[in-house]
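I opened this model to note how its sheets are put together and what surrounds the ligand. My entries follow in the order in which I looked things up.

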Amino acid sequence: MKVVIVGNGPGGVELAKNLSGEFEVAVIEREELPHYSKPMLSHYIAGFLPEEKLFPLPSDWYEKRGIDLHLGTSAVLIDRAKRVLVTSKGAFPYDALVLATGARAREPAFQGKEHMLTLRTFGDARRIKEKLEEEGEMVILGGGFIALELAGNVAKAGYKVKLVHRKRNLLRLDEELSERIREELEGIGVEFHLETNVLSASENGLNTDRGHIPGRLKVCAFGIVPNKELAVRSGIHAGRGILIDDRFRTSAEDVYAIGDCAEYNGIICGTAKAATEHAKVLANLLRGVEDRYDFNFRSTVFKFADMNIALIGRTQGEGKWLDEETKVFYEDGKAVGAVVLGNVRRAFRLENAIREGLP
Ligand code: FAD
C-alpha cells in the first residue's frame, strides 16, 4: 500500500515514522529545509539554541527508514478519480493520501501590516532574530502560547519586551491563572499592555486605543490559519480547516487530514503534541488497528521563561485550587480539566486521574 503524506512538520514526520517498514511511504514538502522544530524557534531567536539544534533528524533519517522524501515540492491538486497527487515535481499515485499541511500565522487586518512580522517558519525566525539583534527590543501582539513563549525567552535573554493583547486574560484562562503567568513574565521584565486594541502600525510603533507604543520590531503571534487550499481546490469540504471525522477521514475517499490543518467538530488542535498524537492514531487506523483520538480531552505543556504550565482537558468554567500550583476545573461536580503550574510530572499523574474519573 502506498501512503503519500503532504507536509514534513511533526504530524507528517510522526506518521511517516510509524508507517515506514510496513507501507511504501512518500513525504511531499514545499520547503527546501529538512524537518525543524517550531516549538524551539523562540529559543533560537533569543539566542539560547544554535541554529543546527533546530533540526533534530540526522540527514539519513528518511533513507534509513525507506521513506521517500521530496523537499522543495509543492502539492497542487488531488486528482481523486485517478488517485494521484499532482505536485510541482510530478505526480504521485496513492492508496492513502494524508494532508498534514499545517497552518500559517494569522496576519493582522489593521493598516500598516507591512510593518509587522509573523512567526511560523524558520525563515520568519531568522528575520526576527536578525532584527532583534539590531534593535535590542521587541513588541509582541497576542496572548496565546506562541506570544507568551516568545516574550518569555526574549525577555530572559535580556532584551526589552512589550506584550500587547486585546483581552485581559492570557491563554483564555481565568483571571487568577492569567495573573500568575503575567507576574512570572513581569518578573523577568516583560511589559504588558492588556485590553489594548491596535488601530494601525507604522515603522516606529503601534497606534492603539490606549495610545502609542513605540517599537521598530513588531511581531504578530495571535493565531493560525489552517492550510486548507490544496483540499479546497480539490473539492474536499472545509470550514476553518479541512473537515474530518473522528477517524481523520476527509470528504474524499482515502484522503485523511491530521494536525493543524484539520478541523474536527469545530476544533482545530493547533499544537505539535496533538499533531503527533493524530499521526499515531491514524497510523493504527491505516494498519487496521482500532484506535481513537479524544479531541475533547487534549493536554499540552508549555514553558514561558522558567515557568512550566500544563493545560489538561477543559480549562474554563468553575475551578478550584488543589494547592498553590494546581487548579482543577469541574462540570456537574466532575473534574474535566486542570492547569498545573511548575511540576510537569504531577500534571501527567493528574491527567491520568482525570481521565479515569477523578471525583
Ligand atoms: P506544520 O508543522 O505546520 O507542518 C506542515 C508542513 O506542510 C509545512 O512544513 C508546510 O511547508 C507543508 N505544506 C503545506 N502545504 C503544502 C503543500 N501544498 N505542498 C507541500 N507541502 C506543504 N506546539 C506545541 O505543542 N508546543 C509548543 O511549545 C509550541 N510552540 C510553538 C512555537 C512557535 C513559534 C510556533 C510557530 C508553533 C508552536 N507550536 C507548539 C505549534 C506547533 O508547531 C504546530 O502545532 C505543529 O507544527 C503542527 O504540526 P503539523 O505537522 O500539523 O503542521
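**Entry 1: the three-stranded sheet**

I began at Val84, which stands opposite Pro93 in E6. The model is a predicted one, so I read every value below as computed from it.

Val84 belongs to strand E5, residues 84-87, and four bridges join E5 to E6 in the antiparallel sense. I then looked on the E4 side and found that Val84 in E5 is also the bridge partner of Asp79. E4 and E5 run antiparallel as well, joined by four bridges.

I put these pairings together as one open sheet of three strands, in the order E4-E5-E6, with antiparallel pairing. Its edge strands are E4 (75-79) and E6 (90-93), each of which pairs on one side only. From one strand to the next the twist averages 25 degrees.

I also checked the turn between E4 and E5. Four residues lie between the strands of this hairpin, and Arg83 takes a positive phi near 55 degrees there.

**Entry 2: the five-stranded sheet**

Next I asked in which order the strands of the parallel open sheet run. The five strands are ordered E3-E2-E1-E7-E19. Strand E3 (68-70) and strand E19 (255-257) form the edges, each pairing on one side only. The average twist here is 20 degrees from one strand to the next.

I looked at one pairing in detail. Strand E7, residues 96-99, pairs with E19 in the parallel sense over three bridges. Leu99 has Ala257 in E19 as its bridge partner.

For my own reference, I noted that strands of a sheet pair through backbone hydrogen bonds, either parallel or antiparallel.

**Entry 3: a second hairpin**

I moved on to E21 and strand E22 (residues 307-313), which pair in the antiparallel sense over six bridges. Within this pairing, Lys303 stands opposite Asn308 in E22. The hairpin has two residues between its strands, and Ala305 takes a positive phi near 55 degrees.

**Entry 4: the ligand**

I asked which residues come nearest to the ligand. Of the 33 residues around it, these are Glu29, Lys38, Ala75, Arg120 and Glu149.

I sorted the shell by class and got 13 nonpolar, 12 polar and eight charged residues. I then sorted it by element. Helix H1 (10-19), helix H5 (145-156), helix H8 (272-286) and strand E21 (299-304) each supply at least two residues of the shell. E21 is thus a strand I had already met, in its pairing with E22.

I listed three polar distances to the ligand:

- An N or O atom in the side chain of Lys38 is 2.7 Å from an oxygen atom of the ligand.
- A polar backbone atom of Arg30 is 3.1 Å from a nitrogen atom of the ligand.
- A backbone N or O atom of Pro10 lies 3.4 Å from an oxygen atom of the ligand.

I also looked up how much of the ligand is covered. On its own the ligand has 1,000 Å² of accessible area, and the protein covers 94% of this.

**Entry 5: the whole chain**

Last, I stepped back to the protein as a whole. Its secondary structure comes to nine helices and 25 strands. The C-alpha trace spans about 60 × 55 × 35 Å along its principal axes.

Why does the radius of gyration agree with that of a compact globule? A compact globule of 359 residues would have a radius of gyration near 21 Å, and the protein has 21 Å, so the two agree.

Note on methods
Residues numbered from 1 in each chain as written. Predicted model: local features only at pLDDT ≥ 70, side-chain atom pairs only at ≥ 80, totals over all residues. Heavy atoms only, no water. Near = heavy atom within 4 Å. Polar contact = N/O pair within 3.5 Å; in protein donor to acceptor, adjacent residues only side chain to side chain. Areas by Shrake-Rupley, 256 points an atom, 1.4 Å probe, with all protein chains shown as cover. Nonpolar A, V, L, I, M, F, W, Y, C, P; charged D, E, K, R; others polar. Pairing = 2+ DSSP bridges. Axes fitted to C-alpha atoms, helices over the stretch in contact; angles between N-to-C directions. Rg over C-alpha atoms; globule rule 2.2 N^0.38 Å.
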